[in-house]
Amino acid sequence: MPEKHYLFTPGPTQLPPEVLEVLARPAIHPRGPAFKQPYERVLGRLKEVFRTEHDVLLFSSSGTGAFESAVANLTEPGERALVVSSGSFGERWADMATRYGADVDHLRYAWGETPDPVDAQARAAGAAVVYVVHSETSTGVVSDVEALAAAAKDAGALVVVDAISSIGAVQCETDAWGLDVVVCGSQKALMTPPGLGLVSVSPAALAKARETSTPRFYFDWERTREAQAKLDTSFTLAVPQVLGLDVALGLLLREGLEAAFERHVRLGRATRAGIKAMGLELASPDEDRSAVVTTVHAPDELDVSVFLLDLCERLGVQLIGGQGEWSGKVFRIGHLGWFDIFDLTTALVAVEDGLAAAGVEIERRVAVAAALEAYEAARV
Ligand SMILES: *Cc1c(COP(=O)(O)O)cnc(C)c1O
């Protein structure tokens, strides 16, 4: 039988056949007539998915590029910025804002902790911009962005949210929660290959960008906004990704955002139930909000990289290890995007098999049953 591959990482994620189909179509030009309609539709669908009336800007870049656009457009060197971090990505944004010359106040939590809006409130005074991470994919923590944003708003700051792995998986209300800038990438819960960075921008964020002196060219928001308003593009867009995103967003909206959020909550519960049933320990929080990725403490005797390679080569199952300071200490199961309960049972069976092959003592033949039970019990 031809080899099957199961991609269960928190990005890139698996692609629905409907998306794969448009990716294989003959090339079209980003300024030609055939592109106009899908382009217009994708811009409209993005507003629905981001839950905003304002523009969502498209860049041919990874999520980090889209985030850099926020830092490049909003940083006035010397001005204070508060960065709230509790893992790899938050720390990346602190580093980035520092490089752009912001006077960074880094509210840094240990990896795996959940940021406390009360701390953010105390530190936000005097900051022009507050940067927060919604779903910290390196740990599995999903923060209370609504409360963090409220703290920043109280201090009169603009709020920038890294929602790269949460848009489409976990509720993120751009306008209702007053999120000035929300950044996402195509390859997480949006079920599209890597290559598109997405940024929603509020009028206040655009106004601030007009005042800042930091140089930028490709990532200049105003240039991109003006081009998008005419269904034009300043630079060559990653056309196949845009066509794929159009289809993927159509699928997501057909399922319904609320239904998608509920599916992710149930998958999170089921994953944690399965992992705990094996006798393993969670490194991500055992709570419903942690619905994107589950992080598991590696048993002491396990060599994580050997274990993950074995799953890949022997079973075709791709999971991922820890980043940065959690490297070698954890492994992660992404359960976002085009992912269902059968993907999860496959992932759990693979973990069980791989751990047994590595000689780790675990409870066997119970994880799948526990996961299925939790999935059913979580039906609302
Ligand atoms: C994936 C991810 C990023 C980085 O995105 P790239 O597309 O790899 O640049 C940043 N933040 C979070 C929370 C992510 O999940």
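Which element gives the most to the lining of the largest cavity? The legends below take up this question and then move on to the other views of this predicted model.

**View 1. The largest cavity and the elements around it.** Welcome to the inside of the protein, where α8 gives the most to the lining of the largest cavity, namely three residues. Both α8 (221–229) and β2 (56–59) supply at least two residues each to this lining. The space inside comes to about 120 Å³. It is lined by 14 residues, and the closest to the centre are Leu-58, Thr-233, Ser-234, Phe-235 and Leu-237. Sorted by class, the lining has seven nonpolar and six polar residues, plus one charged residue. If you would like to look further, the structure holds four cavities of 30 Å³ or more.

**View 2. The second largest cavity.** Here the enclosed space is about 50 Å³. Have a look along the lining and you will meet Leu-74, Thr-75 and Glu-76, then Glu-79, Arg-80 and Ala-81, with Ala-97, Ala-102, Ala-128, Val-129 and Tyr-131 completing the set. Two strands, β3 (80–85) and β5 (129–133), are the elements that give two or more residues to this lining. By class, seven of the lining residues are nonpolar, one is polar and three are charged.

**View 3. Two domains side by side.** Stepping back a little, you can see the protein divided into domain 1, made of 6–12 and 257–377, and domain 2, which covers 17–254. Their C-alpha centres lie 27 Å apart. Across the boundary, 26 residues of domain 1 are in contact with 30 residues of domain 2.

**View 4. The surface buried between the domains.** About 2300 Å² is buried between domain 1 and domain 2, and carbon and sulfur atoms give 64% of this area. Which three residues of domain 1 supply more of the area it buries against domain 2 than any other three? They are Leu-257, Phe-261 and Arg-289, which together supply 28% of that domain 1 area.

**View 5. A salt bridge in close-up.** This view brings you to Glu-258 and Arg-51, which form a salt bridge with each other. The closest N and O atoms of the pair are 3.0 Å apart. How many salt bridges are there between domain 1 and domain 2? The count is one. Glu-258 falls within the 257–377 part of domain 1, while Arg-51 belongs to domain 2 (17–254).

Note on methods
Residues numbered from 1 in each chain as written. Predicted model: local features only at pLDDT ≥ 70, side-chain atom pairs only at ≥ 80, totals over all residues. Heavy atoms only, no water. 1 Å grid on protein atoms, 1.4 Å probe; cavity = no way out; pocket = protein on both sides within 12 Å on 5 of 7 lines; lining within 4 Å. Points joined across faces, edges and corners; volume = space filled by probe spheres on them. Helix = DSSP H or I, 4+ residues; strand = E, 2+ residues; numbered from the N terminus. Nonpolar A, V, L, I, M, F, W, Y, C, P; charged D, E, K, R; others polar. Domains from an automatic or database assignment. Contact = heavy atoms within 4.5 Å. Buried area = accessible area lost by both parts, 1.4 Å probe. Salt bridge = Lys/Arg side-chain N within 4 Å of Asp/Glu carboxyl O.
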